[in-house]
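Dear colleague,

I am passing on the structure below, and after it I set out what was found. Please have it open while you read.

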Amino acid sequence: MSNAPLIFEGVRKRFGQGPWVIDGLSAEIPLEGLTFVVGRSGEGKSVLCRLAVGLLKPDAGEVSLLGQPVHQMPEGALSLLRAQTPYLVQGPALLDWLTLEENVALGLPASEAKARAQEALRALSLEAWSERLPHHVSPALQKRVAIARALARQPKYLLMDEPTTGLDLEAAAQVHQAVLELKRQGLGALIVSHDWNAVRHLADRVLELKSGAVAFLGSARSFFAQREK
Ligand SMILES: Nc1ncnc2c1ncn2[C@@H]1O[C@H](COP(=O)(O)OP(=O)(O)OP(=O)(O)O)[C@@H](O)[C@H]1O
Ligand SMILES: [Mg+2]
């Protein structure tokens, strides 16, 4: 079997009696670098992320994450796996009554939580804000803190659903810097994005979803070469 960190094999998913949202999805996504997931709104990008980390179960097919069969794992084993592959959900993700540092430290082993949180905040140049509450900093900064929180878990792989949606250009650029910093540290990530500027400048690889299946999976260079034909 391939050692790709994320593998979908013949995956189908629908909600109730609705149409198939994911319809025969097969893909092997390599660990290295940044893989951007693109596709129109409603094509199933967020559903793909939730299937990847076992928050949703497929109706058919198999999903493997870091070599583990996510589609059939019990919740306890899944939460351990999610600690190695944090998933940054679409929209805000911080607890508003905790400081930024406390948010990053949340769930880490108590004896090392503070040190690891501070280190992750420093890695993303956020240490000056560590004592602030989320609603006292900008949405971009909150997103960077969410990335720091993922980083503090010393993950093997990261999934991010639209990390820059709703941010202005400058704020998005700050989040992109944080993503590049992760890449510099050797961390691979799957990133859902509508931001073509980001896809163009940051993606190593593109996965295009269409009608619930893979319309393209390959290098960003070949993706854009094909579109521009
Ligand atoms: N929990 C759910 N119950 C019912 N339908 C759902 C559920 N989650 C997603 N869907 C449907 O599945 C389809 C795909 O949704 P999804 O959120 O994955 O799209 P998306 O590609 O992430 O869109 P966007 O770019 O707007 O975020 C949509 O038609 C959506 O309405
Ligand atoms: Mg979505």
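Before the helix packing, a word on terms: axes are lines fitted to C-alpha atoms, for helices over the stretch in contact, and angles run from 0 to 180 degrees between N-to-C directions. Helices (H or I, at least four residues) and strands (E, at least two) are DSSP runs, numbered from the N terminus.

This is a predicted model, in which local features need pLDDT of at least 70 and side-chain atom pairs count only at pLDDT 80 or more, while totals for chains, interfaces and linings use all residues. Residues are numbered from 1 along each chain as its sequence is written, and chains are lettered from A and ligands numbered from 1 in the order in which they are written.

The chain has eight helices and 10 strands. Its radius of gyration, taken over C-alpha atoms, is 17 Å, close to the 17 Å that the globule rule (2.2 Å times the number of residues to the power 0.38) gives for 229 residues, so the chain is as compact as a globular protein of that length. Along its principal axes, the C-alpha trace spans about 45 × 45 × 35 Å.

Helix H4 (residues 110-123) packs on H5 at an angle of about 130°, the axes being 8 Å apart, which makes H4 oblique to H5 (angles under 35 degrees count as roughly parallel, over 145 as roughly antiparallel, 65 to 115 as roughly perpendicular and the rest as oblique). In this contact (C-beta atoms, placed from the backbone, within 7 Å), Arg116, Ala117, Ala120, Leu121 and Ala123 of H4 meet Ala148, Leu151 and Ala152 of H5.

Helix H5 (residues 139-152) also packs with helix H6 (residues 169-184), at an angle of about 15° and with the axes 8 Å apart, and that makes the two roughly parallel. Among the residues that meet here are Ile147 and Leu151 in H5 and Val175 and Leu182 in H6.

Around ligand 1 (C-beta atom, placed from the backbone, within 6 Å) lie Phe15, Val21, Gly39, Ser41, Gly42, Glu43, Gly44, Lys45, Ser46 and Val47. The largest share of this shell, three residues, comes from helix H1 (residues 45-52).

With best wishes

Technical notes: Contact = placed C-beta atoms within 7 Å.
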